[in-house]
6 protein chains.
Amino acid sequence: MTKRLDGRAPDELRPLELTRDYTTFAAGSVLIRVGRTVVLCTASVADDVPRWMRGTGRGWVTAEYSMLPGASAERVDREAARGRQSGRTQEIQRLIGRSLRAVTDLPAMGEVQITVDCDVLQADGGTRTASVCGGYIALHDACSRLVASGRMRTHPLREAAAAVSVGVVDGEPRLDLAYEEDSRAEVDMNVVMTASGRFVEVQGTAEGEPFARSELDALLELAGVGIGRLLDAQATVLSVPPALRA
Amino acid sequence: MTKRLDGRAPDELRPLELTRDYTTFAAGSVLIRVGRTVVLCTASVADDVPRWMRGTGRGWVTAEYSMLPGASAERVDREAARGRQSGRTQEIQRLIGRSLRAVTDLPAMGEVQITVDCDVLQADGGTRTASVCGGYIALHDACSRLVASGRMRTHPLREAAAAVSVGVVDGEPRLDLAYEEDSRAEVDMNVVMTASGRFVEVQGTAEGEPFARSELDALLELAGVGIGRLLDAQATVLSVPPALRA
Amino acid sequence: MTKRLDGRAPDELRPLELTRDYTTFAAGSVLIRVGRTVVLCTASVADDVPRWMRGTGRGWVTAEYSMLPGASAERVDREAARGRQSGRTQEIQRLIGRSLRAVTDLPAMGEVQITVDCDVLQADGGTRTASVCGGYIALHDACSRLVASGRMRTHPLREAAAAVSVGVVDGEPRLDLAYEEDSRAEVDMNVVMTASGRFVEVQGTAEGEPFARSELDALLELAGVGIGRLLDAQATVLSVPPALRA
Amino acid sequence: MTKRLDGRAPDELRPLELTRDYTTFAAGSVLIRVGRTVVLCTASVADDVPRWMRGTGRGWVTAEYSMLPGASAERVDREAARGRQSGRTQEIQRLIGRSLRAVTDLPAMGEVQITVDCDVLQADGGTRTASVCGGYIALHDACSRLVASGRMRTHPLREAAAAVSVGVVDGEPRLDLAYEEDSRAEVDMNVVMTASGRFVEVQGTAEGEPFARSELDALLELAGVGIGRLLDAQATVLSVPPALRA
Amino acid sequence: MTKRLDGRAPDELRPLELTRDYTTFAAGSVLIRVGRTVVLCTASVADDVPRWMRGTGRGWVTAEYSMLPGASAERVDREAARGRQSGRTQEIQRLIGRSLRAVTDLPAMGEVQITVDCDVLQADGGTRTASVCGGYIALHDACSRLVASGRMRTHPLREAAAAVSVGVVDGEPRLDLAYEEDSRAEVDMNVVMTASGRFVEVQGTAEGEPFARSELDALLELAGVGIGRLLDAQATVLSVPPALRA
Amino acid sequence: MTKRLDGRAPDELRPLELTRDYTTFAAGSVLIRVGRTVVLCTASVADDVPRWMRGTGRGWVTAEYSMLPGASAERVDREAARGRQSGRTQEIQRLIGRSLRAVTDLPAMGEVQITVDCDVLQADGGTRTASVCGGYIALHDACSRLVASGRMRTHPLREAAAAVSVGVVDGEPRLDLAYEEDSRAEVDMNVVMTASGRFVEVQGTAEGEPFARSELDALLELAGVGIGRLLDAQATVLSVPPALRA
């Protein structure tokens with residue numbers, strides 16, 4: 001069994017750091033660091049829901065994702081300059097949005113829209129799963145503040161959600177792939193789970209060879225272990241209510 | 001257990017019809033009908049690979065997907081008129097492309113690009129999985145003709161791939177969802193597998209409630225059953241070589 | 001006088017095949033085959049007219065046109081991927097729309113918009129004129145169904161319209177040009193006429209040398225002959241009312 | 001027979017004014033006034049032909065058309081601000097380009113591209129036909145200067161081309177429609193002809209009722225009369241060679 | 001001290017020509033010639049203000065700017081064809097709009113929007129400052145006509161505004177740079193001032209070496225001199241009210 | 001004289017914090033905090049210069065600017081999602097790029113392009129001037145690393161550049177406006193200066209009333225004071241060479 005480049009055990013997460021209220025203008029704001037991956041997640045509240053939802057009394061949660069051009073060693077073109085979001089970007093932001101909505105009681109929100117923006121300041125693999133983990137806290141804080149200020153009657157988040165990537169690298173199932181591993185993984189899987197141990201999203205892709213059912217099972221187990229630890233870290237942060245704002 | 005609207009058993013596929021060489025200008029062309037879903041899959045050959053692959057000696061397979069505006073009861077806006085492809089479209093065409101590349105020996109192609117276009121003439125659920133099934137045959141025929149004409153030395157497809165949707169509807173795991181079922185499924189999953197019984201893609205999403213590991217297992221089993229039958233139908237068509245062209 | 005590549009006489013149409021209700025979700029749907037040219041025409045109904053027509057009590061008929069990327073031997077780029085419709089596409093869809101509106105009693109429609117989508121599955125010349133011929137039947141069927149269901153009071157189509165291309169090839173006026181002829185025609189003309197023998201559109205273009213009045217007259221005569229036969233084929237289809245829908 | 005709003009006879013052109021070298025940086029520049037319609041036509045020379053023509057030794061003539069936002073009483077949106085050219089704009093610029101190429105000996109140009117820009121400063125009907133008339137002179141002057149400076153060996157324009165609109169208004173065939181007439185014409189036709197009396201383009205459209213062959217014939221005759229006068233005016237300007245440039 | 005290419009003294013403006021009502025459909029229309037620079041400025045009136053201003057009772061003045069492709073010796077790409085306005089274009093039109101709004105009493109306008117379009121017919125330096133000078137008169141005339149017709153109660157322009165470019169060329173501060181000077185200026189500054197001698201905009205840029213405070217002072221003085229003369233020319237035109245329209 | 005909202009004296013800067021190597025993948029990376037404004041500036045190196053510079057042996061420095069959607073209390077639309085950069089964004093990034101190039105010896109760079117990306121994490125006024133200040137250090141570090149690794153022969157930055165905003169608020173000239181002041185300033189000015197006390201950019205705009213020469217002078221003086229302090233802070237950071245990279 002090959003050693004991982006950063007010396008981690010196969011079922012070990014990278015160091016995790018959650019900075020709450022990294023910025024203070026958005027209703028919720030979390031800077032999440034997972035190893036060298038850094039994502040700023042903000043949750044912004046608008047009184048307006050999308051046109052097709054007006055009058056339903058229900059709220060909406062949506063997400064947007066972007067990578068800053070200088071986030072990786074080789075600069076990536078700015079999507080605003082190119083004039084369109086890539087398929088990858090859209091796929092990722094749809095995943096984040098679905099994951100957060102799966103644990104949100106939309107009718108309990110009232111006609112409010114919360115947009116969770118996940119902007120990657122540095123990218124070293126696992127940016128979409130970090131976005132789910134950080135985005136969940138930003139969304140939770142935004143809702144807590146809406147409840148505290150009386151704009152929302154009950155807190156609409158039903159349970160916590162967290163996400164992690166797993167993959168088969170050098171024939172070995174591994175947890176929380178860094179970019180170097182991700183880029184040469186034989187199988188790559190992103191898993192989103194809830195505090196109750198159920199699945200929100202399972203997205204597995206054979207990058208090289210198709211994979212067997214036994215590999216799938218091993219990866220799902222590994223993901224469960226990692227997500228359990230991530231949920232713990234989220235819970236620690238959220239055990240203290242966010243500072244109130246004027 | 002509720003009856004399915006079209007009377008099928010939970011593990012029953014819709015009627016499948018594969019029309020080979022539905023059109024004759026593209027190198028491969030297959031019209032696939034799965035119940036009322038109709039997709040035209042064509043495979044077009046170009047001597048030019050994408051810029052980043054030039055000089056590598058390897059080939060490339062890519063896919064594009066679109067829904068004709070009149071494909072559904074409520075007309076959908078034409079993406080060319082709106083000026084951009086939706087996130088859903090890009091997500092789907094990336095899935096089709098990855099699935100086909102997973103069973104293709106790209107170096108064996110030489111520097112040739114094959115584009116598989118999947119245009120949905122009528123949409124009643126399962127358009128992306130039908131695209132994979134039909135696209136595989138169109139790609140196979142295009143390669144067979146390239147081999148026959150001497151432009152390719154060996155046939156680059158290593159094994160067959162097929163795809164199916166499964167989901168939990170009314171609490172029951174079901175195979176091959178039609179639109180009416182898909183739109184109210186609690187869990188929705190697309191699975192792509194190979195003839196050797198391995199996975200290429202597993203994409204499961206909780207539409208309402210998160211789902212348990214036992215549900216995931218039941219759906220994967222159902223998918224395996226359906227894909228087996230689809231692979232048989234593909235094999236029947238491909239047991240006869242395609243007509244040669246001038 | 002040179003023989004035509006497919007052996008036709010100069011005033012002979014290619015074989016014509018009209019498949020009614022090729023798809024069944026759109027209000028009208030016709031697959032038209034003219035030789036190797038194949039176009040799927042669907043007519044979709046919306047209760048909403050364009051903004052500038054609201055409150056006028058009048059309806060609107062518009063058309064959109066597209067060529068599937070695999071429709072020709074050399075794949076054409078997908079306009080949705082390029083992000084804009086070409087000038088050729090826009091010119092063609094404007095022509096189809098004007099032609100259908102010219103035989104429609106818009107006030108008789110009430111405030112309803114019908115969009116006729118013409119998607120070319122295979123292109124061998126004459127795609128825009130085939131679109132007019134097939135689109136007319138799809139529009140007629142959509143209106144018949146609206147009348148049958150009581151959503152429209154009277155059938156708004158005043159008379160039939162059909163279209164054909166004519167051109168001078170190898171110095172000879174010819175009817176219904178296939179791609180090979182079209183691409184080297186000295187003069188190229190598209191003519192749209194009604195059942196009463198009048199003109200809706202006459203669009204003649206000198207591709208090489210400018211053309212004389214006598215050539216123009218010969219082409220208009222040829223067009224009249226061809227359109228007469230196309231109108232007969234349309235009438236045969238429409239002599240039976242379309243199947244009613246639930 | 002109703003009187004025309006500006007008192008003209010049915011077969012009378014509006015006053016025509018051609019200002020040569022209205023601007024002096026472009027290789028050819030003509031301001032054409034037809035009644036209140038004002039178009040600035042410039043011809044710019046580039047040593048580069050489009051990619052698909054490189055190495056053929058042939059030149060290319062293309063045209064672009066635009067209406068300034070303040071050209072009409074009701075301001076029209078700027079296409080650069082909207083981010084796309086309308087179908088109407090593209091249709092018109094394709095017509096102008098085809099018309100000018102029809103009288104140009106492209107191989108005689110050598111590998112040079114001339115772009116004729118037609119920008120409408122004020123629009124009162126007939127802007128596309130004025131663009132052909134003015135554009136022809138601008139193109140001719142640009143070529144004359146290229147010949148004079150030795151960059152082109154022979155003048156590539158084979159014969160003159162001019163264009164005019166005709167139409168049926170209040171049941172009467174009329175020459176050179178102003179906007180007020182154009183907007184309520186029953187039939188609208190644009191005709192481009194050469195000095196040798198042959199046709200380059202004939203584009204007739206029934207705006208309301210379809211039109212009979214006899215109406216078509218009357219309009220073509222009227223167009224011939226008008227174009228004869230326009231060709232005379234062009235010839236008068238071109239009888240003097242353009243001023244040479246440093 | 002080097003002589004300027006066109007023989008002017010360092011503090012001398014180029015010949016100025018203002019043609020009022022160059023076109024007659026827009027509410028205000030001025031053709032301004034500054035040396036070889038030619039800009040057509042039109043002011044169009046709409047009863048609708050931007051969405052964010054509705055109900056405020058205030059009016060709005062905005063500007064758009066464009067260069068015709070044939071305006072310079074080397075043809076510039078048409079922004080409508082490229083599908084986006086350049087950063088330079090947007091910067092210029094924002095400057096023109098701000099300058100005109102700075103001397104307009106927006107509440108006095110009522111809920112009316114006036115768009116000043118500045119289209120450069122020929123570009124030889126100073127196109128943005130010529131646009132401000134000509135645009136001011138076009139805007140003034142449009143307002144005068146609105147007042148005359150009773151659509152506006154009081155004339156909303158509080159005082160005149162004019163603009164000029166200044167720069168350091170060959171080490172010498174110069175007024176009103178032509179393109180040849182502008183392209184090699186060490187410092188380039190655009191200044192917009194009012195009749196009361198105050199500043200609306202000061203935009204100075206070091207093109208090569210950073211510049212000293214003394215240079216800045218010299219340039220501001222020169223600008224004041226030039227703007228004084230431009231204001232005189234504007235006043236002469238506006239001393240006569242514009243012709244009334246039907 | 002009114003007190004400033006945050007208690008500062010009129011000539012007082014907000015607290016400044018410069019975090020070098022905030023991220024570590026880009027060649028230079030600086031997080032700058034000016035009060036509550038936070039901008040991440042990264043400098044990325046590419047071996048390729050823009051097409052029009054190839055073969056000149058000179059390098060190029062360019063800048064891009066963006067505001068994260070959650071950077072302000074009211075979420076701003078993501079430009080990548082809207083498909084175009086606003087005029088404001090383009091104006092700002094052009095200013096940053098010009099400012100940095102003004103102190104760079106481009107020929108000394110060799111054919112290398114450095115892109116300075118300035119992404120605003122939180123916006124409280126002065127984002128463009130903070131971008132210049134932080135961007136200068138990021139650019140300096142990137143160059144230092146290129147010199148250290150031998151890819152650049154001499155350090156191309158000739159002297160430091162810094163920027164600050166000044167304005168007239170409540171009739172009083174003030175240094176370094178926060179958003180609340182900026183939004184109601186009568187005059188708004190951005191000034192970029194060098195360590196040698198010379199000007200790179202002076203951009204003053206009357207937001208309400210035009211301003212007098214005396215106000216301009218007072219603002220320039222205030223800017224000089226502030227920029228002096230900013231240059232000191234930059235110098236302190238740069239007095240230590242950046243950490244070398246593998």
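# Contacts and symmetry in a predicted six-letter assembly, A to F

User: Leaving aside its neighbours within four places in sequence, which residues is C:Glu159 in contact with?

Analyst: This is a predicted model, and contact here means heavy atoms within 4.5 Å. Sequence neighbours of C:Glu159 within four places are set aside. The contacts that remain include one in chain D, D:Pro210. The list for C:Glu159 is C:Val103, C:Tyr136, C:Thr194, C:Ala195, C:Ser196, C:Arg198 and D:Pro210.

User: Where in chain C is the place of C:Glu159, and does C:Glu159 count as buried or exposed?

Analyst: C:Glu159 sits in a loop of chain C, with helix H4 (127-148) on one side and strand E6 (161-169) on the other. The cut-off for buried is under 20% relative accessible area. C:Glu159 has 16% relative accessibility, so it counts as buried.

User: Which side chains make polar contacts with the side chain of C:Glu159, and at what distances?

Analyst: A polar contact needs a pair of N or O atoms within 3.5 Å. One such contact links the side chain of C:Glu159 to that of C:Ser196 at 2.9 Å. Another joins the side chain of C:Glu159 to that of C:Thr194, at 3.3 Å.

User: What shift along the axis goes with the rotation of 180 degrees that superposes chain F on chain A, and what relation is that?

Analyst: The rotation of 180 degrees lays chain F on chain A with an RMSD of 0.0 Å. The shift along its axis is 0.0 Å. That is the relation of a two-fold axis.

User: What percentage of the contact residues of chain F recur in chain A?

Analyst: Both copies, chain F and chain A, use the same surface. The share of the contact residues of chain F that recur in chain A is 100%.

User: Which residue of chain C has the C-alpha nearest the axis that relates chain C to chain D?

Analyst: A turn of 180 degrees with a shift of 0.0 Å along the axis lays chain C on chain D, at an RMSD of 0.0 Å. In chain C, the C-alpha nearest that axis lies 2.2 Å from it and belongs to C:Gln203.

User: Why can chain C and chain D be said to meet through the same surface?

Analyst: The argument rests on the interface residues of chain C. The copies meet through the same surface because the share of these residues that are also interface residues in chain D is 100%.

User: Which residues of chain F does E:Glu91 touch, and is E:Glu91 buried or exposed?

Analyst: E:Glu91 has its place in helix H2 (residues 87-102) of chain E. Its relative accessible area is 9%, so E:Glu91 is buried. Not counting residues up to four places away in sequence, E:Glu91 touches F:Glu91, F:Arg94 and F:Arg98.

User: How far apart are the closest C-alpha atoms of chain A and chain D, and of chain B and chain E?

Analyst: Chain A and chain D are joined by no contact, and their closest C-alpha atoms lie 11 Å apart. Chain B and chain E likewise have no contact. For chain B and chain E the closest C-alpha atoms lie apart by 11 Å.

User: How many aromatic pairs does the structure hold, and why is the pair of E:Trp52 and E:Trp60 edge-to-face or stacked?

Analyst: Over all chains there are 12 aromatic pairs. The ring centres of E:Trp52 and E:Trp60 are 5.1 Å apart. Their planes stand at 80 degrees, so the pair is edge-to-face.

User: Which is buried and which is exposed, E:Trp52 or E:Trp60?

Analyst: E:Trp52 has a relative accessible area of 58% and is exposed. With a relative accessible area of 16%, the buried residue is E:Trp60.

User: At what angle are the planes of F:Trp52 and F:Trp60?

Analyst: F:Trp52 is exposed at 59% relative accessible area, whereas F:Trp60 is buried at 16%. The centres of the two rings, F:Trp52 and F:Trp60, are 5.1 Å apart. The pair is edge-to-face because the planes are at 80 degrees.

User: Which rings do A:Arg33 and B:Arg33 lie over?

Analyst: A:Arg33 is 5.4 Å from the ring centre of F:Tyr22 and over its face. B:Arg33, at 5.5 Å from the ring centre, lies over the face of C:Tyr22.

User: What is phi of A:Asp21?

Analyst: A:Asp21 belongs to the loop between strand E1 (16-20) and strand E2 (28-34) of chain A. Most residues other than glycine have a negative phi. A:Asp21 is not a glycine, yet its phi is positive, near 55 degrees.

Technical notes
Residues are numbered from 1 along each chain as its sequence is written. Chains are lettered from A and ligands numbered from 1 in the order in which they are written. This is a predicted model: local features need pLDDT of at least 70, side-chain atom pairs count only at pLDDT 80 or more; totals for chains, interfaces and linings use all residues. Side-chain values use heavy atoms; hydrogens and water are left out. Copies are superposed by least squares on the C-alpha atoms of residues with pLDDT of at least 70 in both. Helices (H or I, at least four residues) and strands (E, at least two) are DSSP runs, numbered from the N terminus. Buried means under 20% relative accessible area, exposed over 50%, partly exposed in between (1.4 Å probe, protein chains only). A polar contact is a pair of N or O atoms within 3.5 Å; within protein, one must be able to donate a hydrogen and the other to accept it, and residues adjacent in sequence count only if both atoms are side-chain atoms. Rings of Phe, Tyr and Trp (its six-membered ring) pair if their centres lie within 6.5 Å; planes under 30 degrees apart count as stacked, over 60 as edge-to-face and the rest as tilted. A charge sits over a ring if NZ of Lys or CZ of Arg is within 6 Å of the ring centre and within 35 degrees of the ring normal.
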